[in-house]
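Biologist: Hey, I'm new to this one. Can you pull it up and walk me through it?

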Amino acid sequence: MSTLETNLVQPSTGTTLTLGASGDTVALGTGASSSGFEAGIASVQVFTSSGTWTRPSGITKVVIHVVGGGGGGGAGRSSYNYTGDGGGAGGLAIKFLDVSSISSSTITVGAATSEASVDSDGADGNASSWADGTNTITGNGGGHGDRGGDSIYRAGGSASGGDINVTGGSGSCQPQGSHTDANKASGKGGVCAHGFGGGPGASIGSNSNNNATGYGHGGSGGPTNSTGGSGAPGIVVVWEYK
C-alpha cells in the first residue's frame, strides 16, 4: 500500500473535491478524526415525561420541539342540558441550538389533565420546557374549558424562546341549542400546531370520545351530565446533529 502524506488537498477548479471513483470505498484510518465526514442528524431523544437531556458524544447542534399540554374540557351540567366547553391546545416552540458548550438540560413535560367531574370546569394544561441555564424554551399549557352554561372560548397556550413560537388553538364553546336537547354536542378541544399524531377531543353527543389524544391537544367539553375530556400531555423532542 502506498502512503501519501500532505497537509492540504483541494480541488484545482471549483469547490468540489472527489475522492475515489464509482464503486470505490474511502476509509479512514483507525483513530482518525472524521470531522465533516459524518455531519448530519445522528440521533433523536424523545421525552414524554420530565427528565434530563444529556449531550451524546460528537453532537454539536440540536433542533428542539417543545409542546405544552392541552387544557381539559369543561364538564356537562347535571341540569338544564348544558354541555361543556373545549379546552385550548398547548403552545409549540421550535429552536435550533448550538450545544457544543452545553452538556445537559432540564426537560419538563406537561402532564395530561384529568377529566373534569360533572358540573366542574376543566383544568389548565401544563407547560413543557427546555432549560439549560442559558436558554429557556417553553410551550405553555392550553386554557381550561368551562363547565356547561358558561360559554367562554379559552385560548391555547403561548410559546416562547424558540425560533418559531406558535400559540395553540383555542377550545370551542358549547354549540347553541335547545335546553331540552339532552344529546346536543359539546365544545370541541383546540388543536396543537404540532401534536405528533392524535387530535382534540371530539364534539359529540355522548361521552365516549371526548379525551384528546396525541400531544398538546385540548379535551372536548362533556355532554349533559357527563365528565369533561382530558387534555393531551405535552412532549419534548430533541433532534441531534453532528
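Modeller: Here is a short tour of the sheet, the rings, the salt bridges and a few single residues. Keep in mind that this is a predicted model.

Biologist: Okay, sheet to start. In what order do the strands of the open sheet come, and how do they pair?

Modeller: The order is 2-5-6-7-8, so to speak a row of 5 strands, and the pairing is antiparallel.

Biologist: Which strands stand at the edges?

Modeller: Strand 2 (51–54) and strand 8 (159–160). Each has a single partner strand, so one side of each is left without a neighbour in the sheet.

Biologist: And how many bridges join strand 6 to strand 7?

Modeller: There are 4 of them, between residues 128–131 of strand 6 and residues 136–139 of strand 7. The two strands form a hairpin with 4 residues between them. Look at G133 in the turn: it has a positive phi of about 95°.

Biologist: What does S129 stand opposite in strand 7?

Modeller: That's T138. S129 is also the bridge partner of T108. Strand 5 (residues 104–108) pairs with strand 6 in the antiparallel sense, over 3 bridges.

Biologist: Switching to rings. How many aromatic pairs does the count come to?

Modeller: The count is 2 aromatic pairs. One of them is W53 with W130, a tilted pair at 5.1 Å centre to centre with 45° between the planes. W53 lies in strand 2 and W130 in strand 6, so the pair ties together parts that are 77 residues apart in sequence.

Biologist: Are those two buried or exposed?

Modeller: W53 and W130 are both buried.

Biologist: How far apart are the ring centres of Y80 and Y82?

Modeller: Their centres are 5.9 Å apart, and because the planes are at 50°, the pair is tilted. Y80 is exposed, with a relative accessible area of 57%.

Biologist: Now charges. How many salt bridges does the structure hold?

Modeller: It holds 3 salt bridges. Take R77 with D119, where the closest N and O atoms are 3.6 Å apart. This pair links distant parts of the chain, 42 residues apart: R77 is in the loop between strand 3 (61–67) and strand 4 (92–98), while D119 is in the loop between strand 5 and strand 6.

Biologist: Is R77 buried or exposed?

Modeller: R77 counts as buried, at 17% relative accessibility. Its partner D119 is partly exposed, with a relative accessible area of 28%.

Biologist: What about K95, which residue does its side chain meet?

Modeller: The side chain of K95 meets D163 in a salt bridge, 3.4 Å from N to O. K95 lies in strand 4 and D163 in the loop between strand 8 and strand 9, so parts that are 68 residues apart in sequence are tied together by the pair. K95 counts as buried at 17% relative accessibility, whereas D163 counts as exposed at 52%.

Biologist: And D146 with R154, what's the N to O distance there?

Modeller: That salt bridge is at 2.6 Å, N to O. D146 is buried, at 3% relative accessibility, and R154 is partly exposed, at 25%.

Biologist: Let's look at a glycine. Where is G157 found?

Modeller: G157 is in the loop between strand 7 and strand 8. At 2% relative accessibility, G157 counts as buried.

Biologist: Why does 2% make G157 buried?

Modeller: Because buried means under 20% relative accessible area, and G157 has 2%.

Biologist: What is G157 in contact with, beyond its neighbours within four places in sequence?

Modeller: The contacts include A89, G90, G91, N140, G141 and V166. G157 and G91 are 66 residues apart in sequence and 4.5 Å apart in space, C-alpha to C-alpha.

Biologist: Where does S226 sit, then?

Modeller: S226 is in the loop between strand 9 (164–166) and strand 10 (235–241). It counts as buried, at 15% relative accessibility. From S226 to G74 it is 9.6 Å in space, C-alpha to C-alpha, with their positions 152 residues apart in sequence.

Biologist: Last one, the surface. Which residues form a nonpolar patch there?

Modeller: V9, L17 and L19, with about 260 Å² of accessible area together. L17 lies in the segment before strand 1 (41–47) and counts as partly exposed, at 40% relative accessibility.

Notes:
Residues are numbered from 1 along each chain as its sequence is written. This is a predicted model: local features need pLDDT of at least 70, side-chain atom pairs count only at pLDDT 80 or more; totals for chains, interfaces and linings use all residues. Side-chain values use heavy atoms; hydrogens and water are left out. Buried means under 20% relative accessible area, exposed over 50%, partly exposed in between (1.4 Å probe, protein chains only). Two strands pair if DSSP finds at least two bridges between them. Contact means heavy atoms within 4.5 Å. Rings of Phe, Tyr and Trp (its six-membered ring) pair if their centres lie within 6.5 Å; planes under 30 degrees apart count as stacked, over 60 as edge-to-face and the rest as tilted. Patches are made of residues with over 30% relative accessible area and no salt bridge: like charges are joined within 9 Å, nonpolar side chains (Val, Leu, Ile, Met, Phe, Trp, Tyr) within 5 Å. Accessible areas come from the Shrake-Rupley method with a 1.4 Å probe; for residues, only the protein chains shown count as cover. A salt bridge is a side-chain nitrogen of Lys or Arg within 4 Å of a carboxyl oxygen of Asp or Glu.
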